[in-house]
Structure formats: C-alpha cells, structure tokens
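Biologist: I am new to this structure and should be grateful for a close look at a single part of it. Please choose one helix and its surroundings, and then relate that part to the rest of the chain.

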Amino acid sequence: MGSIAYSSYRQHHLQPIHVVLFPYMSKGHIIPILNLAQLLLRRPGITVTLFTTPANRPFVEKSLANTTACIVDIPFPVSVPEIPAGVESTDKLPSMSLFVPFTRATKLMQPEFERLLEILPPVSFMVSDGFLWWTLESATKFGFPRFAFYGMNNYAMAVSRSVGINRLLSGPESDDELITVSEFPWIKVTRKDFNPPFTDPEPKGPLFELTMDQIVSVSNSHGMIINSFYELEPVFVDHEAKPNAWCVGPLCLGETPKTEPQSHPKPAWIQWLDQKLDQGSSVLYVAFGSQAEISSEQLKEIAVGLEESKVNFLWVTRNKESELGDGFEERVKERGIVVRDWVDQKEILMHKSIQGFLSHCGWNSVLESICAGVPILAWPMLAEQPLNARMIVEEIKVGLRVETCDGSVRGFVKWQGLQKTVKELMEGETGMEARKKVKELSEMAKNAMEENEGSSWRSLDMLISEITCKVE
C-alpha cells in the first residue's frame, strides 16, 4: 500500500523531495544514517543533504562515494572546556564521562546550521539524531518536519518507558533483584539493566537535564525513525506505534554493494578467515565496540578464556599486546588473530567461517549479526546494551549470555565462565538452537527490506508519502 501510494505520488507530483540528515558525531550513530541516505536515494526524485563535521567528513564521503548525496560540513566548536582540541567524535574522547559536555557543545553548531539551511533548496523533512535535541528548534523555525533517530529497538524503548512510568526501579532493595515489567509481565529486569539518571531515586544534574531536553525534543518531533523491522518485535512495534514511530530497518541491508575492482587486495583478516574456511574451521568473532572501557584485569581474563576455549577466533580491539598478557598472540597464532585496525564488521560477520559473535550488544552489531545469521554471546557493557542482551537471549532467543562471577548483569567475567559459554555457543546444544533461530530471522530481515514489498521498505515509502502529501 505504501509503495503504491509513493509511486502514485511521484507520477503526479514531480517537485523534488529534499531530505536533510544530521547524525550525531559517533561511528555507531553515523553508520545507520549513512545507510538511510542510501535507501532514500534508491527512490526516484529524492535528494539528500547530510550534515557532518570536517573530521568526520572523510568517513562519510567514503561511504557515500557512489551516490548523489550532498555532504555539508559544520565546524565543530573549538575551545570547549574538557574536550581536547580536534576531537569531533565520541570515538576519540579520552573517556565517555565527557559525553555530556561533548553533546552540549553540539548546540553551538546551530547558528551555522541555520545559516546553511537558508541557502539550501527547500527541505521536505529532516532526520536528525535524538541526541541533537536542538535541531527541532531549527526545523520548527524553517517550517519542515523533524524525525528523531535513535539507534535503539522498540523492545528497549518500550521496556524503559514502562519501567520509568511505573517507577519500578524505586522499589527493589537490591540492584540485582528481578522486577516484573508491568505492561510486559513475562519480562523481568533488574536495576543494573539501566543507567543513571534512570536509576537515581531523585534524578538531577547535567546528564538528567540533557536527557530531559532530548526526551522533550523527541516527543515534540513529527515522529521517530527506528532501525528495526516489524517481524523481529511485533508486540513492541505495536506498543511504540502511538508516537508515530516508523520501522525502516535493518538499515545495514540498505547499504549500496561495494564496487571495488577485483584486483583490490583483501584485508589480512579476511584472508585469514578464507584460510579457516578452506580448512573447514568455524571462527568466533570478538568485538566490544569503540566506546567500551574494559579494565586491564578483565582484558586478561578475556584473553585466557579465548585461549583455553580452544576455538578459532578473530578479536578486534584497540588494546595493546601487553594488555592482553605476555606471549598471548604468539601462543594462539595458529587459531586466533588480533586486529587493531578499523574493520568492516558487516564483511566479517557475513564471512561463511564466522559461526558466533562475542558482542557488547550495541544495536548496530546485533542487527548485523542477525542479518548475517550469526548467533550472539551477549556481554553488555553500557547504555541500553543490557536490555538488548535480554532481548537477544530471552525474547528472540538468538544467543546466550556470558557467565559473570556473581550472576549479575554487569559482573566481572572470569576466564572459566567465558571459556564455558564460548564453547556452548560454538559447539553446544544452546548454540545450535540459537544458530537455527537466527538464520530464520536473517531471512525475515531480508524480506522486510525487499524493494517495494518488504514491511520496512513500505514503511519508509508511507512516511515519505505522508510528509510530501501534507506539504502539497
């Protein structure tokens, strides 16, 4: 229905549709917006302008190289207290404790953003990151609708909203006590599944104020763009549908296929995976995202756990060799490789040798793993990742959890617990069941993004039709 409506609209209205995209300055937030740009540009009559900062431009340019997207730079504010000079992305922050001042500093970009909007062609609508709360003011001033983008799923949003509205975190005495979620009684959470300011009895301070600004901004926006698909979480999509939420994912499947020449050499780690495939060996992919701060003590336990598990693994980390334990890489070199470069995670997950993913459960990573049909060993670290882990293990059953010392959500993981769960994921019955389930969901994900037919494709078409028809 949506695609027919959009096609019909294009046949009778030839005025171009101009979409502005403004991602937050963090790789995990930029990537899905780049994929959204590519999806929009696959539709006739749509032009896209994407705003970024000079330091983020090369990454954006490379991703959109073969498209007609227009990329516009806005200088990131200089001389911001606490933020080192030249840092324009959370990936480069010395610590995520600087998230609030970094995010607050983005509002200083508003005057230049609005100056540029004045000279751009008329905007049909904008999709900006939920963290960039102030972009709603600009959209309102220029008279076009703003959609907020949060890199979260409907499950995490619905559970968080229910827990917040019903003040469920103020009841339990222990951080690890299970709490039944009022609107979804089959779901049980703990206080450790959430972060400040939600866990504070009387929230206040800079983080709370920033969070409230973002929540108010989103609630006053035209709607939300969700990087998920209906078939993955229908109960929660239906629950979140009230504030005009549009499921248009998995956005990672909207990426335009790379057209690199055949002579282009494969990265060393892909060549290594090819060798393992030739040997008939399965490989565990290990990555915890670019924001996780892991203690040196925990890093050593990970290294020992992987070594003792005897499985083949590819571990992407920014940590130095000395932090992983003396001689670790030499001892495991026949079956393990440590990579410290920026990798194309999707390419790794799609490799036929990869049969498991030890992950921090960032939502982009979860979706990429589902699309690749790879089961997950969930080790949540920050943000909404503990809720993503619950969804993975308890709701959609495409993985299992690492075993912590005290059984809590964020407890320390000893090497014995990691070894045990790695073996179970790669070789055990639970891992086999999760592998079967994730392959089913992988097919559903591809179907959802099928041109003109899939639920997510139609959802984006309906959004465009609704906005453009209102403009008319």
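Modeller: The account below begins with one helix, moves to the neighbouring sheet, and ends with the chain as a whole.

The model is a predicted one. The part chosen is helix α15, which covers residues 385-395. Eight of its 11 residues are buried, so the helix is largely enclosed by the rest of the structure. The buried positions begin with Gln385, Pro386, Leu387 and Asn388, and they continue with Ala389, Arg390, Met391 and Ile392. Among these names are Leu387, Met391 and Ile392, but also Asn388 and Arg390.

What do the buried residues of α15 pack against? Two of the elements concerned are helices, namely α7 (154-165) and α14 (363-372). The others are the strands β7 (184-189), β14 (376-378) and β15 (399-401). After α15 comes lysine 397, which has a positive phi, near 55 degrees.

Two of these packing partners, β14 and β15, lead to the sheet. β14 and β15 run parallel and are joined by three bridges. Within this pairing, isoleucine 376 stands opposite glycine 399 of β15. Both strands belong to an open sheet of six strands, ordered β12-β11-β10-β13-β14-β15 and paired in parallel. The edges are taken by β12 (336-339) and β15; each has a single partner strand, so one side of each is left without a neighbour in the sheet. On average, and with direction ignored, neighbouring strands of this sheet are turned by 20 degrees against each other.

Elsewhere in this sheet, the surroundings of β11 offer two contrasting residues. Lysine 310 lies in the loop between α11 (296-309) and β11. Its phi is near 65 degrees, a positive value in a residue other than glycine. Lysine 310 is exposed, with a relative accessible area of 53%. Threonine 317, by contrast, is found in the loop between β11 (312-316) and α12 (328-331). Threonine 317 counts as buried because its relative accessibility is 8%, while the limit for that class is under 20%. Leaving aside residues up to four places away in sequence, threonine 317 touches Val338, Val339 and Arg340. Val338 and Val339 fall within the range of the edge strand β12 (336-339).

The other packing partners of α15 also have loops worth noting. Arginine 167 lies in the loop between α7 and β6 (179-181). Although arginine 167 is not a glycine, its phi is positive, at about 50 degrees. Arginine 167 is exposed, with a relative accessible area of 55%. Proline 197 has its place in the loop between β7 and α8 (206-219). The peptide bond from proline 196 to proline 197 is cis, with omega near 5 degrees. Another cis peptide bond joins glycine 249 and proline 250, with omega about 0 degrees; proline 250 lies in the loop between β9 (245-247) and α10 (268-278).

It remains to place this part within the whole. The chain contains 18 helices and 15 strands. Of its 472 residues, 55% count as buried. Among contacts with a separation of 6 or more, residues 24 or more positions apart account for 65%. A compact globule of 472 residues would have a radius of gyration near 23 Å, and the 22 Å of this chain agrees with that. Along the principal axes, the C-alpha atoms fill a box of roughly 65 × 60 × 50 Å. The chain exposes about 20800 Å², of which carbon and sulfur atoms supply 55%.

Conventions
Residues are numbered from 1 along each chain as its sequence is written. This is a predicted model: local features need pLDDT of at least 70, side-chain atom pairs count only at pLDDT 80 or more; totals for chains, interfaces and linings use all residues. Side-chain values use heavy atoms; hydrogens and water are left out. Helices (H or I, at least four residues) and strands (E, at least two) are DSSP runs, numbered from the N terminus. Buried means under 20% relative accessible area, exposed over 50%, partly exposed in between (1.4 Å probe, protein chains only). Contact means heavy atoms within 4.5 Å. Two strands pair if DSSP finds at least two bridges between them. Axes are lines fitted to C-alpha atoms, for helices over the stretch in contact, and angles run from 0 to 180 degrees between N-to-C directions. The radius of gyration is taken over C-alpha atoms; the globule rule is 2.2 Å times the number of residues to the power 0.38. Accessible areas come from the Shrake-Rupley method with a 1.4 Å probe; for residues, only the protein chains shown count as cover.
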